[in-house]
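Student: Please take me through one helix of this model at close range. Then show me how the rest of the chain compares in the same terms.

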Amino acid sequence: MQSVKDMVVVITGASSGFGAETAKLLGEKGAKLVLGARREDRLKALCDRIGENAVYSVCDISKKDDALALAQKGLDSFGKIDALVNNAGIMPLSFLAKGMVEDWDRMIDVNIKGVLYAIHAVLNHMLERGSGTIINISSIAGLRTNPSTAVYSGTKYAVRAISDGLRMETGGKIRVSCIYPGAFTTELAASIRDESVIEVFRARGFDKIAGDAKRVAEAIVSVLEQNPELSLSDIVIRPTAQAM
Ligand SMILES: NC(=O)c1ccc[n+]([C@@H]2O[C@H](COP(=O)([O-])OP(=O)(O)OC[C@H]3O[C@@H](n4cnc5c(N)ncnc54)[C@H](OP(=O)(O)O)[C@@H]3O)[C@@H](O)[C@H]2O)c1
């Protein structure tokens, strides 16, 4: 295992959920953090809590220039980027016949384009240095789809394809991990506007089986703590209570 102390880690979607928990855990372990999201008050509070090892850049990751500015903040503040936790995502689920096309567009923009823009922002720097770790957050919904998750699953299947391609193209220099979480308690479901989907979630009792987001943060940190010659390339993590 290696220490994450002084490792420079860029985290997208750091203002809540998995991203915020990962930032707190890495901050306790002495990593240097570059935090990105849209809600500045959350990012500022997190940086105040972590201290001088954390900086932030307000960014909409679906905008290429914002992603580039986030990486530049890391380079200006710490001189290098060792790792990217490519985590920002949204999940406004709906049934296809409802035609909530704007939500489809937003998912494609944030969950696919945002992941690509963040990779673009750090990749050449990592390749020039000959090392780096990129952790992309997919979902169990990226391994199988369900009614109401067609578009969300499509974006998360894409994250898997992007991760596989990235690993193959970076010729063993860059460690690429794709993490597939099951149901964990975060703010993710708050973006669902289709009432019939909310009903399905309630009926299936997802809130009762959902796990603590800290467990996913621990998995992310353990990827970074592996010896450089070891890559945990694909990890499915679910609450034990979530059998399906
Ligand atoms: N929770 C689960 O059960 C679960 C399961 C499988 C996969 N995931 C995936 O895990 C990742 C993290 O989600 P979470 O569960 O932690 O949910 P969350 O609490 O809602 O966090 C999502 C994060 O993404 C950020 N974000 C959203 N749109 C953004 C944009 N346009 N630009 C920049 N940042 C943006 C949000 O910050 P701002 O709103 O401040 O921008 C927030 O920090 C997502 O990719 C999600 O799909 C979650």
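Tutor: Start with contact: two residues are in contact if their C-beta atoms, placed from the backbone, lie within 7 Å. Keep in mind that this is a predicted model.

The helix to look at is α3, residues 64-78. Check its length first. At 1.5 Å a residue, its 15 residues should span 21 Å. The end C-alpha atoms are 21 Å apart, so expectation and model agree.

Now its burial. A residue is buried if 20 or more other C-beta atoms lie within 10 Å of its own, and exposed if 12 or fewer do. In α3 the buried residues are Asp 66, Ala 67, Leu 70, Ala 71, Lys 73 and Gly 74. Viewed down the axis of α3, the buried residues fall within an arc of 145 degrees, so they line one face of the helix. Asp 65 and Asp 76 are exposed, on the other side of α3.

What do the buried residues of α3 pack against? Their partners are three strands and a helix: β1 (8-12), β2 (32-37), β3 (54-58) and α4 (101-129). Just past the end of α3 sits Gly 79, with a positive phi of about 80 degrees.

Two of those partners lead on to the core. Leu 35 falls within β2, residues 32-37. Val 9 falls within β1, residues 8-12. The largest nonpolar core has 67 residues, and Val 9 and Leu 35 touch the most other members. Helix α4 gives the most to this core, 10 residues. In soluble globular proteins, nonpolar side chains tend to be buried together. Leaving out residues up to four places away in sequence, Leu 35 touches Ile 11, Ala 14, Ala 23, Leu 43, Leu 46, Cys 47, Ala 54 and Tyr 56.

For a second helix, take α8, residues 213-225. Its 13 residues should span 18 Å at 1.5 Å a residue; the end C-alpha atoms are 19 Å apart, which agrees. Buried here are Ala 213, Val 216, Ala 217, Ile 220, Val 221 and Leu 224. They cover an arc of only 140 degrees around the axis, so they sit on the same side of α8.

Helix α6 gives another picture. It is hardly covered: among its 10 residues, the count of buried ones is one. Ile 198 belongs to α6, residues 195-204. This residue has 13 C-beta neighbours inside 10 Å, so Ile 198 counts as partly exposed. The C-alpha atoms of Ile 198 and Leu 93 are 8.9 Å apart, although 105 residues separate the two along the chain. After α6 comes Gly 205, with a positive phi near 65 degrees.

Positive phi also turns up outside glycine. Asp 6 has a phi of about 70 degrees. It lies in the segment before β1. With 11 other C-beta atoms within 10 Å, Asp 6 is exposed. Ser 148 has a positive phi near 85 degrees. Its place is the loop between β5 (132-137) and α5 (150-169). Ser 148 has 19 C-beta neighbours inside 10 Å, so it counts as partly exposed.

Last, the ligand. Of the 30 residues around the ligand, Gly 13, Gly 17, Arg 38, Gly 89 and Thr 186 come nearest. Helix α1 (residues 17-28) supplies the largest share of this shell, three residues. By class, the shell has 14 nonpolar, 11 polar and five charged residues.

How values were computed:
Residues are numbered from 1 along each chain as its sequence is written. A residue is near a molecule or strand if its C-beta atom, placed from the backbone, lies within 6 Å of it. Helices (H or I, at least four residues) and strands (E, at least two) are DSSP runs, numbered from the N terminus. Ala, Val, Leu, Ile, Met, Phe, Trp, Tyr, Cys and Pro count as nonpolar, Asp, Glu, Lys and Arg as charged, and the others, Gly among them, as polar. The expected span of a helix is 1.5 Å times one less than its number of residues. The arc is that of the directions from the helix axis to the C-beta atoms. A nonpolar core is a set of buried Ala, Val, Leu, Ile, Met, Phe, Trp, Tyr and Cys residues joined through C-beta atoms within 7 Å.
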